[in-house]
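Hi everyone, thanks for coming. Let me put the sequence and the structure up on the screen, and then I'll walk you through a few spots in it.

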Amino acid sequence: MPPPSRPRKRSRGGRATEAAAAEADALISLPRDVLDEILTRLGILDAVRTSALSRAWRRRWEALPSLDLSFPRLEDDKGAPKGLGAVDSILLRCPGRVRLFRADIDEHYAGRVHDWLHVLPRRGVEILDLDFDKGFPALPTSVFFCGRLTSLSLFGCAIPLLPAGVVAFPELRKLSLVNVRLPDYGEYLIEEIIDASPLLDFLVLTDVSFGGDYIREWVIQAPNLRHFTICSEINYGWVLEDLTSLRSAVIDLWDFVVDSKFAKFLLGVVQVRKLLVVTRNAPSRAMIPEIHLCTFHNLKSLKLHMHFCDQPPIMLAFCLLKSSPNLEKIKIEIYDEEEQKFEADKEFQNALWTDGMCANLHAVQMTGINWRRNEMVFIELILSKARLLHTLSISHGEKIVMPSEDALNELLRYKRASTEAQFFMDLLSSGPAV
């Protein structure tokens, strides 16, 4: 009679696998809403990977009531982001709502957007963010049927005209259009979208171009708008009206900043508390019209991207300072030119100063300074006039025209109107208070 066979010992790896499966099965016994929250926080790719935990988990992710689909391009991605090719399968297998759809799209997947935008409106998508890397592919008109959108961000595409009778995006709160193209009369499309979105509070229009040979005036009217960014090389006829809730704005309008109509444009953002104006792209040697700006009574923080090498940016800086009686903080980022083309000496800059300018100024920060004479004169003027100044912080650029130690010695000789003014200079990475 053969001896009885010994029971086989389970390997440590087998026991570990069984233990992991048991823990996974214990986890799946949690309340449904808790599991849904866990899977949603994982992200769609990791949620799908839970199918490998055990049989009970195999199709659990497909029962999610709501999906966030995000496919950003990472630094090590070559071509399309990881997982983008699985979008069709995910939409087919998971019938739940798609709350968010965000994707960086290369030319290989640009054609698939038409199919995705055919499905997403029926899934109640609320946040749509599409970034195309080349070619300005045309979006389908089905994008306008995403009636539950609260946020729409588009980059690098062409937007079609609105189909007749369609009211686009009545629940929209954020609209960001960057490097997009619209057909002739496209300005009226943007006007209609904004007008039909009473909840809109965040608007970005950067490098938005319109077809046609004529510039037509069109209105940006949004009573609940809190932030507005507009950047364009060309004046496309914008008119700002009824932006009564506006708190911050970014303005980069190239040649238009020296146009006689620029003052009227600024009147539309007069109620802001924070303002960034880019003047470094103003045309060299431009004739500056006599500018009478509105008064920015609420403005507390002003940021300028400029240089001190030519007259237009300097004049515009002084106009804004003169028009901001309650300004507390100013930051100037200097984008230097190859040479100083205009001499704004003490006599010139003192003539631009008026009583009450910078009366409430507490902090000044200047970055990218190269110790050019016009820059030094401006610093000396601020130090000698701003009676409530607490801090002046300076860091130099890459094209300095004198040793920083010599510049520091000169700065220390400047008269200070405020006895509390502290001077911070970044010679390398940080500097002491002086």
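The largest pocket has a volume of about 280 Å³. Keep in mind as we go that this is a predicted model. Which residues lie nearest the centre of that pocket? They are Glu 217, Trp 238, Val 239, Lys 261 and Lys 264, out of a lining of 13 residues. Two elements, β11 and α7 (262-267), each give two or more residues to the lining. As for chemistry, the lining of the largest pocket splits into 7 nonpolar, 3 polar and 3 charged residues.

Let's stay with β11 for a moment and follow the chain onward. Between β11 (238-241) and β12 (248-252) there is a loop, and Leu 246 sits in it. Is Leu 246 buried or exposed? Its relative accessibility is 0%, so Leu 246 counts as buried.

What does Leu 246 touch, leaving aside residues up to four places away in sequence? One set of contacts is Leu 225, Arg 226, His 227 and Phe 228; the others are Gly 268, Val 269, Gln 271 and Val 272. Take Gly 268: it is 22 residues from Leu 246 along the chain, and their C-alpha atoms are separated by 9.4 Å.

Now, for those of you thinking about cysteines: how many disulfides does a search of the whole structure find? The count is 0. Two cysteines to point out are Cys 94 and Cys 358. Cys 94 has 0% relative accessibility and therefore counts as buried. Cys 358 has a relative accessible area of 2%, so Cys 358 is buried too, the cut-off being under 20%.

Notes:
Residues numbered from 1 in each chain as written. Predicted model: local features only at pLDDT ≥ 70, side-chain atom pairs only at ≥ 80, totals over all residues. Heavy atoms only, no water. Helix = DSSP H or I, 4+ residues; strand = E, 2+ residues; numbered from the N terminus. Buried < 20%, exposed > 50% of the residue type's maximum accessible area, 1.4 Å probe, protein only. Contact = heavy atoms within 4.5 Å. Disulfide = S-S within 2.5 Å. 1 Å grid on protein atoms, 1.4 Å probe; cavity = no way out; pocket = protein on both sides within 12 Å on 5 of 7 lines; lining within 4 Å. Points joined across faces, edges and corners; volume = space filled by probe spheres on them. Nonpolar A, V, L, I, M, F, W, Y, C, P; charged D, E, K, R; others polar.
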